[in-house]
Amino acid sequence: MSENVVHLHKNPEPPADAGTVTTLTVVPDPAPPTTVPLWVRSGRAIRTAVTHERTRTAARALARHGLYTVNGGRIVARRTWDGRTGARYERMLRAAEATGNYEVAEEWEERLQRFRDARHRRRMDLLHSPLDAAKGIGVGVGMSIGVLVALGVVMAINNHDVTDVITPLAATIDFIGTLIRIVQIVWPYAVVIGPLMTLLGLWSVGAHQQAAPQWALPDNVRSGEGEPITPSIVVKALRDLGIPALRKAIQEMGDAGAGMLGPIRIAGCGVEVDVTLPSGVSTNEVQNRRRKLAENLTRHEHEVFITIPEAARTVRLWIADSGALDEPIGPSPLVTDETLTADYAKGRAPWGQDLRGDAAALSLYQRHLLITGLSNQGKTVALRSLALWLSLDKSVQFLMGDLKGVGDWAMFDGLATTLIQGPTDEHVIQVTEMVEGAVDEMNRRIQAPPGTVFPPLIVLVDEAQVAFMCPAKDEDKRPYGGSKANSRYFMAVRKIHNQGRAVNVLMWQGTQDPTNENLPKLVREGAHTRASLALGTESQARMALGDKAVDGGAAPNLLRPGLDRGTLVVASDGITIPAGQSSITVRTHYIDDDAAEAITDRAKALRDGVTTLHAIERGEDRDPLTDIATVVGDATRVRTQDVLKRLAVLNQDAYGKWSFLDLKRVLDGTGAEPYKSDGVMVVGRDRLARALANRDGNGSASAAE
């Protein structure tokens, strides 16, 4: 029990009428601090010392240099063994057999046989060499003594002294004795210095080969960030993939696996190499270990792409320079070149760059298009850039439905014949009727005389999943959405996919997050060009691109959502794909809204003027003359064929089956009859305006009477 201490406190503010008051307060003595045991303090100190960065650095340095010496001895021993035996030839022979190259195997077998024959001859020569060597030594010693004695005789005759006969022989004996004394003096030091020099040589060999575990290497070597790709690095990465058959085959190869590799070629912002896998290793085993392979190559997963070329048991690796794919590509030629035009039939849309840094251009001629991907990955921009390029061909017509409705396609107002924007069921109904109108136009073209040339008609629906998921039904209880035979949107798209290509009526769709519900199988497979941005799963990748592309290495599900925005995988015969591959990865150009408006302004300047319809009119009571004036709009004159098509888009029920005779019947006697201009029949805006003014004026007069 601790003792109580009495403290005296003086009241700081005593009452005015009172004297000084002293108070006594009993304060308990604080408990003494708990003493930490010595063994605990010692353990903490030892742990701090052991885990300190300097300690770990010193331990790594000690282990590194020790292993340099040990592994250097192993390398020298292996080199010596290879030089003295046929082990090297045997490894090369096994490597050639493992890769199936039997001609090279036969060549190495012949070299091994020649080496063994030469070694046998040397060994046979050694059986006779001791006797020959003894005879040679005896003859040499005798001749040397004889020469020395003869020299002494000459000296004795010259000096008239008989003792000079043995002077040369005595001098030689003294010289040999001197050499022996020098060896006796140097030998104790050589015994110590010799092994040290040997260890230094072994350390030098190990240090040059970096023969130590990765954890023991210095920080700048251990990180490997941005390390150049060499054959040894590729082989080591493959060896450490965790495939037993591959690791065993590489260890048995005499060239340590280098024979599996083709030339390492510079390909854009990275390198490309073909790897011929040994027997027993399938290509999909390597594909399924993409992340581990990338990490073995000191790269991120998105910086390594694995494709399957035509050659059997071969994978093609494209390895990006570290960080290169995170750098943006340049602006689109549509933005930088204001003189650029388009050619639907023969041209290619500048879409972006492939991974090698080459321009990626897409042919749109008679190809239905499908672009899919997760939300906010650049799908609309990628699809819009193709439409922007094609708008620079004044012969191309557009019917557009934007079921997002946030203005991404607003710049096509005045360029597209129809532009419907909005996400509601009413907008889906409008878009469905627009697509059905395109089907009727397709049927009219099919029934035209053979050889008739039709202008391209692009039917574009962005966010098409909204249409497929729409629950609305018409008055006949037919659903607008869905994927059944009575679905109006689904069947209209299928009809265009089946026959539209032959008469230049093409279906372009952009959709999110493909599933069987929001993107039916028949619609997916009807597209000639299929492209996908980042997706969540491999099953979605197969829906977007098809089994063939995914089995060939296409992997949009491995793109990084957000980080790889605008990067898509394309499967199409309209783009140049490297031989043996079924898809190509493209980094698309980004064209913002302001640049897109500038491009559409150039496209509008190429045309006579297009009146864009923002809704499909429905109803039975129509004024044909007013509708004709509406579809002609601000254009000076419009071809009669275009007037008929615009009328059909305006109201399918009223004008869907109209022909030139119906149009002529309405205009006859009004003063706005069709007439020829540049060899084609047209309808004039001014004549229509006068006809409407005259009709309205007569109507007013009649009413007044």
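1. A residue is called partly exposed here when its relative accessible area falls between the buried class, under 20%, and the exposed class, over 50%. Lys404, with a relative accessible area of 31%, is therefore partly exposed. The model discussed in this note is a predicted one, and the remarks below concern its charged side chains.

2. Lys404 forms a salt bridge with Asp408, and the closest N and O atoms of this pair are 3.5 Å apart. Asp408 has a relative accessible area of 17%, which places this residue in the buried class because the cut-off is under 20%. The pair therefore joins a partly exposed lysine to a buried aspartate.

3. The contact between Lys404 and Asp408 does not stand alone, since a network of salt bridges links Lys379, Lys404, Asp408, Asp462 and Glu463. For the structure as a whole, a search finds 25 salt bridges.

4. Asp593 forms a salt bridge with Arg384, with 2.8 Å between the closest N and O atoms. This pair links distant parts of the chain, for Asp593 belongs to helix α19 (residues 593–605) and Arg384 to helix α12 (residues 379–391), and the two residues are 209 residues apart. Arg384 counts as buried at 2% relative accessibility, whereas Asp593, with a relative accessible area of 35%, is partly exposed.

5. A salt bridge within one helix is formed by Glu107 and Arg111, both of which lie in helix α4 (residues 102–159), and the closest N and O atoms of the pair are 3.0 Å apart. The two residues are four residues apart, which corresponds to about one turn of the helix. Glu107 is partly exposed, with a relative accessible area of 39%, and Arg111 also counts as partly exposed, at 32% relative accessibility.

6. Helix α4 deserves a second look for its part in a surface feature. Arg84, Arg121, Arg122 and Arg123 gather in a patch of positive charge on the surface, and α4 gives the most to this positive patch, with three residues. Which class of exposure does Arg123 fall into at 51% relative accessibility? Arg123, which is found in helix α4, counts as exposed because its value of 51% is over the 50% cut-off.

Methods. Residues are numbered from 1 along each chain as its sequence is written. This is a predicted model: local features need pLDDT of at least 70, side-chain atom pairs count only at pLDDT 80 or more; totals for chains, interfaces and linings use all residues. Side-chain values use heavy atoms; hydrogens and water are left out. A salt bridge is a side-chain nitrogen of Lys or Arg within 4 Å of a carboxyl oxygen of Asp or Glu. Buried means under 20% relative accessible area, exposed over 50%, partly exposed in between (1.4 Å probe, protein chains only). Patches are made of residues with over 30% relative accessible area and no salt bridge: like charges are joined within 9 Å, nonpolar side chains (Val, Leu, Ile, Met, Phe, Trp, Tyr) within 5 Å. Accessible areas come from the Shrake-Rupley method with a 1.4 Å probe; for residues, only the protein chains shown count as cover. Lys and Arg count as positive and Asp and Glu as negative; His and the chain ends are not counted. The place of a charge is taken as NZ of Lys, CZ of Arg, CG of Asp or CD of Glu.
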